[in-house]
Amino acid sequence: GKAFQYQTPLIILQENNTSISRIIGENVHGILSASNFSNYLIQIDYSGKWIYLHPRSEKIPDAFHKVDLNMYKNKPYLETEIALANGTRQRVQLLIDTGASLSLLLYRDSTDRYAIPEALVPAYLGSGLGGLLTGYVGRTGALQMGKYVLREVVSHYMLVETPLAKAEKQVKNGLIGNLVLERFHVYLDYLSSKLYLKPSKKFDAEMPYDKSGMLIICGGDDLQRYMVGFVVPGSPAFEAGIREDDEILRVNGMPVSMLSLGKVNGLLQKRDGKRIRLLMRRDGSKYKCSFMLRSMI
């Protein structure tokens, strides 16, 4: 037979317990580059948790709305508008980031100063190979996605400081993540620079966000210990006495060994007034506490 080589852009992580793994609660062994899929028509099914790779010759269903993208260094950007806190609108260029587990991220020093809402809460925005990303969370009045408009979008605001981010700021004002994209049925065509959208059942649903005021990260060799990585001052968790590095043992009577990190975070995103009861451990001693969820943005 004929020998051949095929190179796949891939990052292999030497350690399982990376900041990415600790945030999502699953061991991440590596990262595939989007260039592996650029020759396909990509269909993302968020509800079914599937990615389909279709031949680019396949026809997009008529019900989908076509949105033009701008490609820069093989990355897709959407030039669109956001509604500012003072009621005006600003034109922005946003990276379509299917690897970001947030809704909307804006660079604080790359958007109009009037775009920053008054109600901002310190928060961790996510994690990357360089570690945890910090910033603030609030709400943007509206985000235009082609002919569709998403309102009161939970938004993260980050001050650009690293050399890489400063360079990217020349191209983009922020990014659109999965918590926006999951409100649609999505097709993505890199080579034609097109995004195809059709609203899903989640289009008008409230965007999930933490109402406890604490960031939970996984610890231990098996990522089965849930630790408090950060507590927002003045938040329900802070007022209940919870502090950084405390360990969560039980949530509403259930041991965390029976709950995924996603399930725990989901409980902290419930309606305002929902009571959360916790069994905690600090410095070898256990204590109980409770608080009611409260919107801070």
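Leaving aside neighbours within four places in sequence, which residues is Q43 in contact with? The first close-up gives the answer. The model shown is predicted.

**View 1. Q43 and its contacts.** Q43 sits in strand β3. Leaving aside neighbours within four places in sequence, Q43 is in contact with W50, I51, Y52, H54, V186 and Y187. One of these partners also makes a polar link. The side chains of Q43 and H54 are joined by a polar contact of 2.7 Å.

**View 2. V186, a buried strand residue.** V186 belongs to strand β14, which spans residues 184-189. V186 counts as buried because its relative accessibility is 3%, and buried means under 20%. Not counting residues up to four places away in sequence, V186 touches I42, Q43, I44, Y46, F64, L181, L195, Y196 and L197. Look at Y196 in that list. Y196 is 10 residues from V186 along the chain, and their C-alpha atoms are separated by 5.8 Å.

**View 3. A nonpolar patch on the surface.** Three residues, Y40, I51 and L53, form this patch. Together they have about 280 Å² of accessible area. Y40 is in the loop between β2 (30-32) and β3 (41-45). Is Y40 buried, partly exposed or exposed? Y40 counts as partly exposed, at 36% relative accessibility. I51 appears in View 1 too, as a contact of Q43.

**View 4. The largest nonpolar core.** In soluble globular proteins, nonpolar side chains tend to be buried together. Here the largest nonpolar core has 36 residues. M145 and I176 touch the most other members. Strand β12 (residues 148-158) gives the largest share of this core, five residues. What does M145 contact, leaving aside its neighbours within four places in sequence? The partners are L78, T80, L150, I176, V180, L181, F184 and L197. Two of these names, L181 and L197, are also touched by V186 in View 2. A second, separate core has 24 residues, including M214, V228, A237 and L278.

**View 5. D246, a buried loop residue.** D246 lies in the loop between α4 (236-239) and β18 (247-251). Loop or not, D246 is buried, with a relative accessible area of 2%. The D246 side chain reaches the backbone nitrogen of R243 at 3.1 Å. Not counting residues up to four places away in sequence, D246 touches Y226, M227, V228, G241, M280, R281, R282 and Y287. One of them, V228, is included in the second core.

**View 6. Two residues with positive phi.** Most residues other than glycine have a negative phi. N74 has a positive phi of about 65°, although it is not a glycine. E152 is not a glycine either, yet has a positive phi of about 50°. Where are these two residues? N74 is in the loop between β6 (70-72) and β7 (75-83). E152 is in strand β12. N74 is exposed, with a relative accessible area of 64%. E152 counts as partly exposed, at 44% relative accessibility.

**View 7. The whole protein, for context.** The protein has five helices and 21 strands. Of its 297 residues, 45% count as buried. The protein exposes about 16300 Å², and carbon and sulfur atoms supply 50% of that area. Now take the contacts with a separation of 6 or more. Residues 24 or more positions apart account for 58% of them.

Notes
Residues are numbered from 1 along each chain as its sequence is written. This is a predicted model: local features need pLDDT of at least 70, side-chain atom pairs count only at pLDDT 80 or more; totals for chains, interfaces and linings use all residues. Side-chain values use heavy atoms; hydrogens and water are left out. Patches are made of residues with over 30% relative accessible area and no salt bridge: like charges are joined within 9 Å, nonpolar side chains (Val, Leu, Ile, Met, Phe, Trp, Tyr) within 5 Å. Accessible areas come from the Shrake-Rupley method with a 1.4 Å probe; for residues, only the protein chains shown count as cover. A salt bridge is a side-chain nitrogen of Lys or Arg within 4 Å of a carboxyl oxygen of Asp or Glu. Helices (H or I, at least four residues) and strands (E, at least two) are DSSP runs, numbered from the N terminus. Buried means under 20% relative accessible area, exposed over 50%, partly exposed in between (1.4 Å probe, protein chains only). A polar contact is a pair of N or O atoms within 3.5 Å; within protein, one must be able to donate a hydrogen and the other to accept it, and residues adjacent in sequence count only if both atoms are side-chain atoms. Contact means heavy atoms within 4.5 Å. A nonpolar core is a set of buried Ala, Val, Leu, Ile, Met, Phe, Trp, Tyr and Cys residues joined through side-chain atoms within 4.5 Å.
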